[in-house]
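Subject: Structure handover

Hi,

Here is the structure for you to take over. Please open it alongside this note.

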Amino acid sequence: MIQIDQLSRDALTSLGVFTWPIWEKEVSVFDWYYDTDEQCYFIEGEVDVETAEGIKTIKKGDFVTFKKGLKCKWIVKKTVKKHYYFP
């Protein structure tokens, strides 16, 4: 499951998002499996994430929760830069 939200800057700050590590990925395609939950905030980029339920497009400004057990394919359309956290 993928949940995409739009959070205010105050909400992001209260979660500590801007202190989380940053991950970057160039335009590419790869398979991924989440062995734990992940929360992330997209600073830059755009990606289509393909799952058994369909395709979700994630882009700059999105706060995303990926649930443990998710199998997917990442199709990075514009270089991604995101803060990430494993709760």
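Below are the findings on the pocket, the cores and the cysteines.

Please keep in mind that this is a predicted model.

**Pocket**

The largest pocket has a volume of about 240 Å³. Two elements each give two or more residues to its lining: strand E3 (28-33) and strand E7 (71-85). The aromatic names in the lining are Trp23, Phe30, Trp32, Tyr33, Tyr34, Trp74, Tyr84 and Phe86. Asp35, Thr36, Glu38 and Lys82 also line the pocket. By class, that makes eight nonpolar residues, one polar and three charged.

**Main core**

The largest nonpolar core has 15 residues. Which of them have the most contacts inside it? They are Phe42, Val47, Val49, Ile58, Phe66 and Trp74. Strand E4 (38-51), strand E6 (63-66) and E7 each give two or more residues to this core. Trp74 therefore appears twice in this note: in the pocket lining and in the core, where a nonpolar core is built from buried residues.

Take Val47 as a way in. Beyond its neighbours within four places in sequence, Val47 is in contact with Phe42, Ile58 and Trp74. Its other contacts on that count are Lys56, Thr57, Ile75, Val76, Lys77 and Val80.

**Second core**

Another core, of five residues, lies apart from the largest one. Leu12, Val17, Tyr41 and Phe63 are among its members.

Tyr41 sits in strand E4. Is Tyr41 buried or exposed? Its relative accessible area is 15%, so Tyr41 is buried, the cut-off being under 20%. Leaving out residues up to four places away in sequence, Tyr41 touches Leu12, Val17 and Phe63. It also touches Phe18, Gly61, Asp62, Lys81, Lys82 and His83. Of these, Lys82 is also in the pocket lining. Tyr41 and Tyr85 are 44 residues apart in sequence, yet 9.2 Å apart in space, C-alpha to C-alpha.

**Cysteines**

How many disulfides are there? The count comes to zero. Why is Cys40 not bonded? The closest cysteine sulfur, in Cys72, is 11 Å from that of Cys40, which is too far for a bond. The cut-off for a disulfide is 2.5 Å between the sulfur atoms. Cys72 is likewise in no disulfide.

Both cysteines count as buried: Cys40 because its relative accessibility is 0%, and Cys72 because its value is 6%.

That covers the pocket, the cores and the cysteines.

Best wishes

How values were computed. Residues are numbered from 1 along each chain as its sequence is written. This is a predicted model: local features need pLDDT of at least 70, side-chain atom pairs count only at pLDDT 80 or more; totals for chains, interfaces and linings use all residues. Side-chain values use heavy atoms; hydrogens and water are left out. On a 1 Å grid over the protein atoms alone, a cavity is a set of points where a 1.4 Å probe fits but cannot get out, and a pocket is an open set with protein on both sides within 12 Å along at least five of seven lines; lining residues have an atom within 4 Å of a point. Grid points are joined across faces, edges and corners, and a volume is the space filled by probe spheres set on the points. Helices (H or I, at least four residues) and strands (E, at least two) are DSSP runs, numbered from the N terminus. Ala, Val, Leu, Ile, Met, Phe, Trp, Tyr, Cys and Pro count as nonpolar, Asp, Glu, Lys and Arg as charged, and the others, Gly among them, as polar. Buried means under 20% relative accessible area, exposed over 50%, partly exposed in between (1.4 Å probe, protein chains only). A nonpolar core is a set of buried Ala, Val, Leu, Ile, Met, Phe, Trp, Tyr and Cys residues joined through side-chain atoms within 4.5 Å. Contact means heavy atoms within 4.5 Å.
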